[in-house]
Each structure stands twice: as C-alpha cells, then as structure tokens.
Amino acid sequence: MARAKRKRRRNVIIASIAAFIMIAGIGMVAGTYYFDQVALPDDITLDQSTTIYYSDGVTPMARIGENRTVLPFDQIPKDMQHAVVAAEDNSFYTNDGVDYKGVVRAAWNNVSGGDRQGASTISQQYARRWADLEGVTYARKVREAVIALKLNQQYSKDEIMAMYLNVVYFGRGAYGIEAASQAYFAKPAKDLKTNEAMLLACLVKDPEGGGKGSPYDPNIDKVSAEKRFNYVRDQMISLKFVPEAEAAERMKFPDNVITPAKARENAAAAQDLGKPEGLIVHHVLGEVATLTDPGTGRLIYEDVDNDGKKNFSKVTNGGLKIVSTIDKDMQPIAVREASRNKDSNMNNQPGNLQAALVAVEPGNGGVKAYYGGDSGNGCDYASYYIDPVLGKGGESCGGGHPPGSTFKVYTLATALMAGYSIDSMWNGVPQDFPGRTAAKKNQVKNATEGVEPQCKSGSGKWCTLEEITVQSLNVPFYAIALQLGPAKVINTARAAGIRDMWATEQGKDGPQRKDLTKLKGEDVAPKFFQEEVGFGQYPITVLDHAGGLATFAARGTSVKTHFLKEIWQGGKKTYGEVIKPQRIPGFTEQMADDMAKVLQGVPEHYGLKSSKGYQLAGKTGTWQLGNTTSNAHAWMGGYVPYDPGKKAPGLAAAVWVGNKDKEQPIKDKNGANIIGGKLPGPIWRDFLNDALAKVNMPKAKFPKAPLAGNKDVGTGVSPQPSQEPGFPPGPGQGPGGGPGPGNVTTVPTRRR
C-alpha cells in the first residue's frame, strides 16, 4: 500500500514536471512569436521645433513648432548622461534593456499588495514614450520590455542615451535636454555644469507634480528638490562617475534655476511672433513654402495628413534650421529708428503715424533689415506676405503706398536710357498737355507754382534733368512719361525690382494689385497706369522700392529681393540662396553713375549729410491726401556706394511714413505737414549711419559721372506735386503740393 502511494506520488511529480516543460515550451514558442511581431520603426525621428536664425546662422530669431531641439550625442555633456543614469537606471551600461531583478521585485510588490511599481530601465522609459504606451498593466510592461530588448540589439548605449535625452519630458513644456536646459537655466545644454545636469536628472521622475510643477524644482519645493539631488549625488559617487574628492566642488546644489515665469518669458521671446521680427518670420516661411523639387516640380515641404489635408508640418515640426538674410546688427537699428523708440525720430509723434523701413543688399537682393510694424500678429506696413505654414497673411493686411517723387528714380532711368543727358534742359513751368489744360482747370502744376524754379540757366523756365530731380519739379517728369510712354517707365521699375503696383479699376472697390512679375508695362498701360506714373501716383511696397533702389546702387544689376538664405536639416545644408543677377535692359553702368551723381544732391539739399562720412544718394517723395492741401504719405529712399572689389557691399534703404489706419493728414508733433525730407529723411539717414558703422562698412565712393546721355533738350510737365523745403506752394495748391481744383485724382493707398 505504501509502495503504491509512493508510485502514484512519483507519477504526479513526473507529470507535473512534464506539464511544466510543455507549458514552458509553449510559452517560449508564444514568446518568440510575440517578440518577432513587435517591430521597431524604420525611422525613429522625433517632432522637434524649427528655428529661424539671423544671417549669421547662430543667433536665433524665432522658433516654431514643438518645444524640442534634437541634439547629437556628442553635444550632450557626459555629466548629463551620468546624472540620468544615476537617477533612473544604475545598471544602464550593463543591462540588455530590462532590469530583471527590478521586474521580479516590482511584480512581487504588486502581487503582495505593495505600491504598484514599474521597474523601468532607461531603455524601457524611452520605449514607452516612443510607442506612446500608457498605464501600468502587465500587457504594457511586456510590450515595453520587448521594445527595450530590441532597441538594445539594434542600437548602442550611446545612441539609446541620445534618443532618450532628446525625448524625455522635464516639465515646463520642455521636451528633450536642450529645451530643458533653456527652461531651467537659460543656457544651451552643451554648457551645463555637473550640478545643473544633476538637477535636470532629478526632474525626470516627476516633471509635472500633478500639474503644479515638479516637486524637484527648487522654485516649487526646495526641500524635496535637495533630497532628490542628494540621492543622485550619492549614486553618481557610488557609480564612480565623479571622484568623491571632487564632489564638494562640482556637486553643490545649484542656486541659479530660473523661475517658471522667467522660463515662460524666455520661451515667448523665442517663439512668439508678436514682435517686429515676427513679420520677417512670415516672409521667410512664405518663401520656404514655395520651394519646389527640380525633378517633380512639387512643393518640397508640403505634406498630407491621414485625413488628406495639406499642411506644412515638415516645416513646423521638422527640426529645420532656417537661416534668413536679416543682419543681427542692422535689424535692431531698423526697429529703433522706425518704431516709437525713445531714441527714434518717431518718438512722441502723433498716434496716427506709422513708419516702415526696409534695407536690401545691392548685388545680392537679401533683405538685411525689415520693420513693417510692431507685431508679427498685426499688419505689415512695409509689404504683404502669404504664409501657408502658419496660415496667416494676405493683401487684406498689407499692401502699397503712393511713392510720390521717390518713384522718379525709375522715370529718370527711363530718360537716361532714351538718350537724355542729366544736363539736358527741360521746361520746368506749368504748361498745357493733351487733355490737361488751363482752360479745363486741370493743367499740370508744380508745387513751386508762383515761384520760379531755382535753375542754373537763370531763365526761370529751363532746368537740367539733374535740377528737376533734385528740386522735385513734377512738370518735366509728366512730360517724360508722356513722351516716352508709361509702359516704358513701368518696365524700368519692373526690371529694377518693383513686383506689384496698385491702380483703380472701374467697377471694383479699392485699388487693385497688378502683378508685374507676370504683366509687362504694355499689358497694364495705359488701361490702368497713365502718365502720372512718372511722378509716383500709383502705390508700391516699401520692400519692392528698397529692392529697386538696391538695383541702382549695384549700377543697374538687379537680383530678386528675398528673405531666405539657407535651410539645414540634420546638420546638412539642403538649400542655399539662388543669386541670378540681371541687368536692366539698356541701362549701363555709366547711366547708373549719372543717376548717383544726381541723387547725391537730394540729401545735400535737405541737410541729410551722413555724420559718419558715408556718401548718400537718395530721393524724397510726398503724396497728398485726396484733393486736399494736406499730405498722406511721405518717403525717403536711397543708397550708399557699392564696391565689392573693396569689400564694400553697400546698402539701399527705403522709408515710408503714413497712417496706421484711415487716411488723414500726416502732421508732426509740432503740427507741421510731414514731407519726405523732414521725417522719413532723418529716419533714413540715421539708420544708414548707425547700421553701416555697426557692421564696419568701408566708406566707398560713387564713381565719377560720365554724362551717359546725349540729348540736350526736352519738354515737360507733371501733375502731382510734392512740396519740399524752399519751394512754397503756388496759387490753388496746398503745402502738400496737391493739384488745384479739377486736377488729377490720386489713387489712395490700400488701407488695413
């Protein structure tokens, strides 16, 4: 009987062992199948913010997208790596991705009713965040462990560490070590000290603290923060990451953690578009969005989401390094001079006034400084933008302004190409033209009506082309446009860089934009643009005008005005600016030198000499308010010598002053009518003075003018006058130089 019981017991044990072996075998087969089914992605890149930089490629201007910047392993400090190992996974460098002892310990604690534990290694934590695994369930833990094991099979420990530190959340909206370093210490991660790295490692355990901020943030709970910090310190010493002899010096609890409020302020400064540079960001992104693949012709950065909707997430979350053409030293000076800064000419001016300023590099076309308003979330008074990346912009909040006499530079160039010398003589007094006669009370008149032109001929009637430009006599410029045709003037402006002009169109509300990149002068004149184009009746943008002036600075060589310099991704340059110089057809360097000689007389005439010794060539302009005696727009534009041989790349700039909102008289703080030489002029001069000096621009000189033209006599008048100092208005005209009753009606600017 006893023998039979022993036999049965032996059989049960053998059967149990066999069953265990069978179950284990089945489990092994099942486990192997499950392991094979959990796959790693081909690409484990992360969404990260895109940063727009100034032209130096180092100074950030703005950041868009998720607050993460992925760093390569060699840019992550060794102390940061060691600190997170000490805080989160002591066996990181020896385990295969899973801490089995920790798993058993956590499982026993969970089964026995203790606190539910995760026992996650750094590899498991990364796997959880990458695969977006949530909850503390055994199914999740198994999947997490399998991914961690596979990660360790496919990647080195250094690669896993870099991936982990680029994805882990540190609180304060900071994903990854670079964002965390900025959020807590306002410095790049590469500059972290040992104790600063240790504090950041402390935060990983509980970055949010139930939504109140991490309890290991000294600004939230200093006692808990120091306790956790001391734990990490002891672990780092135990693991021999830091010699104990150096601990006292290198591992002091940091006292330089910035406050959450300061972190938010810094983040807003880097990401918020609500500053003048925000408008630049829109222009830059607008250019990025238009880049196409040469092979397919498709937009490079346009993407399609799962719902079939098009977007530009490749830009916003692609971690791009976008380098603009904007000079980091010139831009603050442009903002200072054109805004209401206490050191600006705009300071204490009436509240209705608004200024805009754009500077462009001749021979390159890059925009070096841009001020179109105080906020990237507001209207752009220097131009307009279309930004499909951020979904903002359009003509409804931007456009052109009548340039007045500053547009005469294009008419002057047209006359030079027609063979007229700057010494050719022109009739400078009012006279009848077809359809514009004294009898009809719409005769073309100068702002100097009643006062003889101050010309060297002494006749009171005949003036040289140079004199009519410096004195801004409108009558001869009307004659030039009439004699040569508005289409030729428009084509000159178009070739120089004017891409848009606005004109009234019957049956349509407000001025209508004409795209001169697609339309030639012959397509739009005289249907939309008449002889009044010769003296600047039709609105253009400050951006285009600065580009056009840069063309004359480069002695007639035009390059497309642009904001985008380079794009980098993953440390590789994927785009570089394309410079395609094109000469204005028929406009020679000798003609450009003649023009420079003429335009140098304008700043001299208005007392706008450079205090820094730079030669200045420019043109003033004013446009009236409807048929009133007041002005609505005032301009100053021009350039300094361009001499790349002497490393003097030069600079062109245009300044506009007008109204923020509805059209009304523009008067300065003393109640005087604003004209081109009196407020825009000083803004223009002071910007060039300080901007050129700031970048140590050599003081080049304009070439001696060779008198390129050969025709000696012309006839001319022009309707829309612009009064300048020393030339008071005549009978029937206001101080703004407006035409008398029955004269041509001006085209109003596009208003926001």
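In this predicted model, D221 caps the N-terminal end of helix α9, with one of its side-chain oxygens placed 3.3 Å from the backbone nitrogen of V223. The helix that follows this cap comprises residues 222–238. Its 17 residues reach 24 Å from the first C-alpha to the last, close to the 24 Å expected at 1.5 Å a residue. Just after α9, K240 adopts a positive phi of about 60°.

The two faces of the helix can be considered in turn. The buried residues of α9 are A225, R228, F229, V232, Q235 and M236. These residues lie on the same side of α9 because they cover an arc of only 125° around the axis. The cover over them includes two other helices, α2 (78–88) and α8 (194–203). On the face turned away from this buried side, α9 carries the exposed residues V223, K227 and S238. V223 thus appears twice in this description: its backbone nitrogen lies 3.3 Å from the capping oxygen of D221, and V223 is exposed.

Attention now turns to the nonpolar interior. The largest nonpolar core contains 89 residues, of which V315, Y370, F552 and Y639 touch the most other members. The surroundings of F552 illustrate this: leaving aside neighbours within four places in sequence, F552 is in contact with V409, Y410, A413, A496, I584, F587, A592, M595 and Y639. A second core, separate from the largest one, has 50 residues, among them Y126, L192, L199 and C202.

Definitions and conventions
Residues are numbered from 1 along each chain as its sequence is written. This is a predicted model: local features need pLDDT of at least 70, side-chain atom pairs count only at pLDDT 80 or more; totals for chains, interfaces and linings use all residues. Side-chain values use heavy atoms; hydrogens and water are left out. Helices (H or I, at least four residues) and strands (E, at least two) are DSSP runs, numbered from the N terminus. The expected span of a helix is 1.5 Å times one less than its number of residues. Buried means under 20% relative accessible area, exposed over 50%, partly exposed in between (1.4 Å probe, protein chains only). The arc is that of the directions from the helix axis to the C-beta atoms. Contact means heavy atoms within 4.5 Å. A polar contact is a pair of N or O atoms within 3.5 Å; within protein, one must be able to donate a hydrogen and the other to accept it, and residues adjacent in sequence count only if both atoms are side-chain atoms. A nonpolar core is a set of buried Ala, Val, Leu, Ile, Met, Phe, Trp, Tyr and Cys residues joined through side-chain atoms within 4.5 Å.
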